[in-house]
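I opened this notebook to record what I looked up in one structure. The entries follow the order of my queries.

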Amino acid sequence: MFRVAVGGIGSENSTFSPLRTRLADFDIVRGADLLHDASYTFLAGYPLEALPLLSAWALPGGPIEQAAYTQLKSEFLEGLRRSLPLDGVYLNLHGAMFVDGMLDAEADLLHALRGVVGPDCLIAASMDLHGNISAALVQQLDIITGFRTAPHIDVAETQARAVDLLLHCLNSGIRPQMTHIAVPIILPGERTSTVYEPAASLYGRLPAVSQRPGVLDASLFVGYVWADEPRTSASVVVVGTAASAMQQAARELAAQFWAVRAQFDSGMPVGSIDECITMALAAPEPCVFISDSGDNPTAGGVGDLPIVLAHLLRAAVPSAVLASIPDAAAVAVCVAAGVGATVQVALGGKLDQIHAQPLPVTGTVQALGADVVGGTQAVLRVGTVDVIVTERRKPFHYLDDFRRMGVEPRAYKIVVVKIGYLVPDLQQAAPLALLALSPGVVNQAIEHLPFRQVRRPVYPLDPDMLWEEAL
């Protein structure tokens, strides 16, 4: 049985965010416990000796503190040294990790990892399609395969594909090659969902391309637009054994990606905050979901901007629920007062005071609760709006996230979620979904972001640029 070390360090980090990702923000699983973690239990079905290292993942946010990254990297490498000798390494990575004072953090990690295992050990990684893939990273890896869906419903499938490819190469004695083409496109994930065209067709081609002679796998990476790094862009990665077939496949996919660059959009009605509220109130549907896209914590937003809440209150909407605003101080006031009490708090605006200040509100505590991610939580009724306030940042991706707090979202005319495109559970529940172009560190209006290090020209910042001839 092949000896394969397994683990990973990952996050998705906006360089425009003032919020730092600390060591305490990582969910860390060590040693044998890793093999019982949901992200790695699939390995039990493989004929390999899985040697667990470290899994450390943080909710998307601002740059990772360098001390936190250094500690995690050191622990990861020490576990790797103890696992030698190795036939292979399987890594669960993201691809858009940013560390303070460092460009291309994944390449730094892989360079150090390669230094431990040597040139002959095969290293495979599964990655998010929102990863920014650099040439330096590709040089240190043997196999890269990315998600093919956004929202990501193929995470487990992608992880299994990476391990399948690794074992295939080990069993066959194959040293795979990779072809990488950086495509000069930077677009928000909200405009590149695989639910809609043109991404649906682009990603739909990948299984057939991966079956071509000389090709083992093909991936398209949309990239992560809110990281101001030279590596930030879309890209194509093809893994295989025949250079000519791989290059042909990569060029085709890159050319197809470039050809449809102007066709990407959100796939749902888009407007300003007030426009979305007006559309929702006029809609015949009994319930309308509005995405607070600029403050989406799962894209790196701080999550505590009370801007949409202020607009809802000004509009005097008949009923709305907003999930969520992380504010530990406000939660503590609600807990101390108890259910039924009226409290005055300055809500949100504490993590990112560039875009918003705390919003003074008076409300009634409707419910109290807690969960592992959000910590202690409160439902605060402010006028006709129920605001779910959490101790820590927490995305509300499932109806049960609301229901655990005694909130039935579909009972409200407007449901505001700090998210971009709706994940499947919410998409299925929403009679109508709108995307609000709200401000924040993951603002959809990327032309207004202060890019300094992204390679130019790049679309759409340079809309008239020429590129396809370079293929």
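**Entry 1: aromatic rings**

I began with the ring pairs, and they link Phe42, Tyr46 and Tyr90 into a cluster. The model I am reading is predicted. My count of aromatic pairs came to eight. I then took up the pair Phe42 and Tyr90: the ring centres are 6.2 Å apart and the planes stand at 85 degrees, so I entered the pair as edge-to-face. Phe42 belongs to the loop between strand 2 (26-30) and strand 3 (48-58), and Tyr90 to strand 4 (residues 88-92), so this pair ties together parts that are 48 residues apart in sequence. I also looked up the accessibility of Tyr90, which is buried with a relative accessible area of 1%.

The next pair I looked up was Phe396 and Phe402. Their ring centres lie 5.3 Å apart with the planes at 65 degrees, so this pair is edge-to-face. Phe396 is buried at a relative accessible area of 3%, and Phe402 is buried at 0%.

**Entry 2: charges over rings**

I searched for charged side chains above aromatic faces. Lys394 has its charged end over the ring of Phe396, 5.1 Å from the centre of that ring. I also noted Arg261, which lies over the face of Tyr459 at 5.5 Å from the ring centre.

**Entry 3: strand 5 and its partner**

I returned to Tyr90 and asked which residue of strand 5 is its bridge partner. The partner is Ala124. Strand 4 and strand 5 run parallel and are joined by five bridges. I then checked the cover of strand 5 (residues 122-127) and found six of its six residues buried. Leu122, Ala124 and Ser126 point one way from the strand, while Ile123, Ala125 and Met127 point the other way.

**Entry 4: nonpolar cores**

The largest nonpolar core holds 64 residues, and Leu80, Val89, Leu91, Leu113, Leu141 and Ile144 touch the most other members. I listed the contacts of Ile144, leaving out residues up to four places away in sequence; among them are Ala125 and Met127 of the strand just described, together with Ile133, Val138, Met178 and Phe221. The list for Ile144 also includes Asp217 and Ser219. A second, separate core has 39 residues, including Leu312, Val385, Val389 and Ile414.

**Entry 5: the nine-stranded sheet**

I traced an open sheet of nine strands with mixed pairing, in the order 10-18-11-17-12-16-15-14-13. Its edge strands, each pairing on one side only, are strand 10 (270-271) and strand 13 (342-347). Six bridges connect strand 13 with strand 14 (residues 359-371) in the antiparallel sense. There, Val343 stands opposite Gly363 of strand 14.

I then looked up the helices on this sheet. Helix 10 (residues 328-337) packs on it and touches strand 12, strand 13, strand 14, strand 15 and strand 16. The direction of helix 10 makes about 175 degrees with that of strand 13. Helix 9 (residues 307-315) lies across several strands, including strand 11 (288-292), strand 12 (320-326) and strand 17 (414-417). Helix 9 runs at about 150 degrees to strand 12.

**Entry 6: backbone geometry**

Which peptide bonds are cis? I recorded the bond from Ala150 to Pro151, with omega near 5 degrees, and the bond joining Ala323 and Ser324, with omega about -5 degrees. Pro151 is placed in the loop between strand 6 and helix 4, whereas Ser324 is placed in strand 12.

I next searched for positive phi values outside glycine. Asp104 has a phi of about 65 degrees and lies in the loop between strand 4 and helix 2 (105-117). Ala316 has a phi near 50 degrees and is found in the loop between helix 9 and strand 12. Asp104 is buried, with a relative accessible area of 12%, but Ala316 counts as exposed at 61%.

**Entry 7: His152**

My last query concerned His152, in the loop between strand 6 (143-146) and helix 4 (155-172). His152 is partly exposed, with a relative accessible area of 27%. Setting aside neighbours within four places in sequence, I found His152 in contact with Asp128, Leu129, His130, Phe147 and Tyr421. His152 and Val423 are 271 residues apart in sequence, yet their C-alpha atoms are 8.3 Å apart in space.

Terms used. Residues numbered from 1 in each chain as written. Predicted model: local features only at pLDDT ≥ 70, side-chain atom pairs only at ≥ 80, totals over all residues. Heavy atoms only, no water. Core = buried A, V, L, I, M, F, W, Y, C linked by side-chain atoms within 4.5 Å. Buried < 20%, exposed > 50% of the residue type's maximum accessible area, 1.4 Å probe, protein only. Contact = heavy atoms within 4.5 Å. Phe/Tyr/Trp six-rings, centres within 6.5 Å; stacked < 30°, edge-to-face > 60°. Helix = DSSP H or I, 4+ residues; strand = E, 2+ residues; numbered from the N terminus. Lys NZ or Arg CZ within 6 Å of the ring centre and 35° of its normal. Pairing = 2+ DSSP bridges. Axes fitted to C-alpha atoms, helices over the stretch in contact; angles between N-to-C directions.
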